[in-house]
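Let's take a walk through a protein chain together. Have the sequence and the 3D view ready, and follow along as we go.

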Amino acid sequence: MGLTDAQARDEEHERQHLAETVRLLTTELERFATSIGNSASAIQAQKEQMWAAWRDMDGAEKANVRVEVNTSVALAEHAVRARRRIQRLLASPYFGRVDFHPRGEANASAHYIGVHNLTDPSTQEIVVHDWRAPVSSLYYDFESGDAHFDAPQGTIHGEITGKRQYKIRDGHLEYMFESALNIGDDVLQRELSQSADDKMKNIVATIQREQNAVIRNETAKVLILQGVAGSGKTSIALHRVAFLLYRFKDTLSSENVMILSPNKVFGDYIANVLPELGEEQVAEIDFGTIADKFLAKVTEYETFSDQVTNLLEHVDDAAAERMRYKATPEFVTDLATWIDARAKEDFTPSEIEQRNERLSTSWVAATFEDSPTLPLFTRLDLLTNSAIHQLKRKALDRSGKWTAADTASVRKQVRAMFPHKDALALYKAFYSDPARREFFKPLGRKKIEYADVFPLIYTMIKTSRQENYGRILHLVVDEMQDYTPIQYAVLRELFSCRMTILGDSNQSVNPFSSSTPSTIHSIFPEADLLELRKSYRSTTEITDFAQHISRNDKIVPIERHGLPPQIINCVDNDDEVSRILTLVEQHRRSTHRSLGIICKTMNQARALRRTLSEAGVDLTFLDYDSTEFAAGKVITTAHISKGLEFDCVIVPDVDDGNYANDMDRSMLYIACTRAMHELHLTHHGPVSRFLRFADEPSNTGGQPRRSRRDP
């Protein structure tokens with residue numbers, strides 16, 4: 001159907017506005033390029049002048065020249081950042097427009113919204129509003145009609161008279177939609193139907209109302225975000241960081257933000273989002289790094305990946321019980337209470353004697369009690385140092401001498417007053433109680449289970465002074481369900497800052513030690529609890545399929561249809577490999593870009609990769625040592641794939657022997673929910689009990705396709 005005359009005129013007006021905006025951006029780009037060139041020349045001239053006259057300058061002159069050079073460098077760096085923003089805007093200056101008529105004013109104004117702010121230097125008028133600006137919230141939070149936004153001068157009330165969405169690529173308008181209701185459906189459907197990108201991208205053009213509420217939450221000291229698979233929770237958390245950096249630019253910078261990621265592959269996968277939004281990349285950390293920092297010189301330990309790998313190969317019931325015991329809030333309380341009681345119950349003051357000089361038992365007791373708020377081993381060190389000082393002074397006052405052996409003797413006497421030589425010994429003593437004895441089992445003389453790693457670190461933090469992350473003002477914690485309450489207690493000790501904690505309790509890789517939002521809330525009782533229920537990643541058919549594996553009645557899938565998932569029953573292993581090769585070839589001939597082959601265990605992924613490589617398939621293998629995400633065809637495990645997404649996913653070996661217990665169910669759910677458009681599962685032998693629903697007669701409509709090869 002053709003455009004009406006009014007629509008045609010309106011579209012032509014929009015194209016002219018875009019052309020004018022692009023011209024302004026081009027002019028600004030040239031201006032900044034000139035400015036940067038001039039700054040570089042000026043800095044070089046200043047340096048040459050400084051070195052030529054350096055010997056003749058006094059201290060004040062040298063300091064003044066340094067200030068001038070540093071100021072010039074700072075101005076040049078600002079120009080470089082501004083040029084980078086202009087370059088980003090040139091490709092797509094804006095993605096939306098909201099027409100708002102404030103109460104008491106004669107007319108409505110059109111506000112164009114983009115990734116960055118753009119001001120016309122000749123008029124100082126804002127041509128494009130940053131998506132984080134107060135007025136931009138109108139675009140995300142309201143439909144047509146009454147609306148308001150919070151500005152520096154107060155709340156502005158009025159009426160939205162129009163909303164519009166644009167798709168602009170390389171400075172050209174591809175399409176636009178009137179959007180009187182939600183940001184939705186047309187642009188969102190187009191974006192969701194696209195192939196997966198190499199890495200996670202920003203979603204400013206399609207942020208939904210419930211997501212915007214999370215992003216613009218300024219008040220929560222700790223925000224716990226439960227989001228279903230495909231809800232965009234990680235992207236939303238990163239956009240929240242970008243918003244807070246914009247909102248509190250005077251007190252918060254990228255250097256004050258840190259992301260705790262599940263692994264380095266995921267960290268690399270999300271690395272582009274903040275730079276796309278005009279912010280510097282932020283520091284990353286993981287629990288493995290924290291563990292190594294504390295335990296490298298204390299004890300060997302099982303890693304989280306080791307724990308998961310061992311559980312996937314074989315579930316040890318006793319080990320599982322130890323994990324469950326150490327994965328409760330009550331365990332944190334019991335351990336903390338027990339540690340606090342050691343100073344009173346286990347410290348036995350006694351007289352200290354050295355070089356015929358004595359410090360009485362009462363002096364020792366009083367000195368120890370002088371610092372009741374300090375960690376236990378810190379108190380013992382203070383007592384030791386005070387005793388050494390007193391005895392050394394007495395010895396020297398009577399013309400005696402004091403040697404290193406005397407100092408060592410005093411230290412030994414003080415240490416003898418407390419039965420535990422260090423935090424590791426103290427932690428082991430916690431299990432001397434017969435009721436707890438069965439819950440501690442070393443993996444060797446100098447190695448502990450992963451379940452003991454963070455209880456030990458917590459013991460170290462509570463009993464001696466430790467360096468914390470004081471410069472960090474905001475911590476983002478992803479995959480919250482995989483961390484235990486004791487790990488959150490450690491974070492609380494190390495990071496005294498605001499936090500955004502996010503994850504999905506349906507996607508735990510270890511059901512024996514997973515945490516729910518309410519469990520995490522017990523460690524952070526002041527936290528705000530929010531929930532994202534809409535799932536945007538997968539087609540309706542894939543989402544429905546995954547729901548049969550692990551039910552989540554709160555999930556609300558976005559209506560986007562595609563092929564039903566396919567379960568392929570093969571004759572034997574060779575036939576299964578052949579079918580996988582066929583699926584890989586089908587993918588190569590399709591319009592889809594990314595393919596994920598997701599196995600249960602690392603050994604299975606390694607073996608299948610070797611087989612497929614021998615057949616000529618070029619795959620990127622992601623394991624626990626990988627540091628970068630690669631586009632194209634990837635083979636990995638469900639554990640490593642968490643947080644990633646692919647156009648097409650193949651899940652091999654879905655037989656009942658491979659996917660049989662609760663942990664397997666979780667891995668199967670994670671694997672299936674990585675798929676955006678197509679999902680294929682292969683097996684030889686009886687299909688997993690978690691997939692038998694596909695054969696039930698009640699499954700109608702978009703039921704999974706069953707494919708079978710007879711011998």
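We start with the whole chain, then look at a pair of helices, and finish with some single residues.

## Ground rules

This is a predicted model, where local features need pLDDT of at least 70, side-chain atom pairs count only at pLDDT 80 or more, and totals for chains, interfaces and linings use all residues. Residues are numbered from 1 along each chain as its sequence is written, and side-chain values use heavy atoms, with hydrogens and water left out.

## The whole chain

What is the chain built from? Its secondary structure adds up to 24 helices and 26 strands. Both kinds are DSSP runs numbered from the N terminus: helices are H or I with at least four residues, and strands are E with at least two. Put a box around the C-alpha atoms along the principal axes, and that box comes to roughly 105 × 90 × 55 Å.

The chain has 711 residues, and 52% of them count as buried. Here "buried" means under 20% relative accessible area, "exposed" means over 50%, and "partly exposed" is in between (1.4 Å probe, protein chains only). As for the surface, the chain exposes about 32900 Å², with carbon and sulfur atoms supplying 48% of that area. These areas come from the Shrake-Rupley method with a 1.4 Å probe, and for residues only the protein chains shown count as cover.

Next, contacts, meaning heavy atoms within 4.5 Å. Take the contacts in the chain with a separation of 6 or more: 73% of them are between residues 24 or more positions apart.

How about charge? There are 86 positive and 102 negative side chains, and the centres of the two sets lie 6 Å apart. Lys and Arg count as positive and Asp and Glu as negative, while His and the chain ends are not counted. Each charge is placed at NZ of Lys, CZ of Arg, CG of Asp or CD of Glu.

## Two helices side by side

Two packed helices are described by the angle between their axes and the distance between the axes. Now find helix α12 (residues 329-346) and helix α17 (residues 450-463): they pack at about 35 degrees, and their axes are 11 Å apart. The axes are lines fitted to C-alpha atoms, for helices over the stretch in contact, and the angles run from 0 to 180 degrees between N-to-C directions. The crossing of α12 and α17 is right-handed. That word applies if the near helix is turned clockwise from the far one by less than a right angle, and left-handed applies if it is anticlockwise.

Which residues meet here? From α12 come F331, L335, A336 and I339, and from α17 come P455, Y458, T459, K462 and T463. Zoom in on T459, which sits in α17. Leaving out residues up to four places away in sequence, T459 touches L335, I339, A423, L426 and Y427. T459 counts as buried because its relative accessible area is 1%.

## Some buried residues

E576 lies in helix α21 (residues 573-589). Is E576 buried or exposed? E576 counts as buried, because its relative accessibility is 1%. Beyond residues up to four places away in sequence, its contacts are C570, P652, D653, T682, H683 and H684.

D130 belongs to strand β4, and a relative accessible area of 4% is why it is buried. Among the residues D130 touches are G114, S136 and Y246.

L619 is in the loop between α22 (602-614) and β22 (620-621). L619 is buried too, because its relative accessible area is 9%. One of its contacts is I597. L619 and I597 are 22 residues apart in sequence, with 9.3 Å between their C-alpha atoms.

## Some exposed residues

Here are three residues found in loops.

| Residue | Loop between | Relative accessible area |
|---|---|---|
| Q124 | β3 (118-120) and β4 (125-130) | 58%, exposed |
| N356 | β12 (352-354) and β13 (357-359) | 65%, exposed |
| D250 | α6 (233-247) and β9 (257-260) | 76%, exposed |

Check the backbone of Q124: phi is near 65 degrees, a positive value in a residue other than glycine. N356 is not a glycine either, and has a positive phi of about 65 degrees. For D250, try a distance: D250 and T303 are 53 residues apart along the chain, and their C-alpha atoms are separated by 40 Å.
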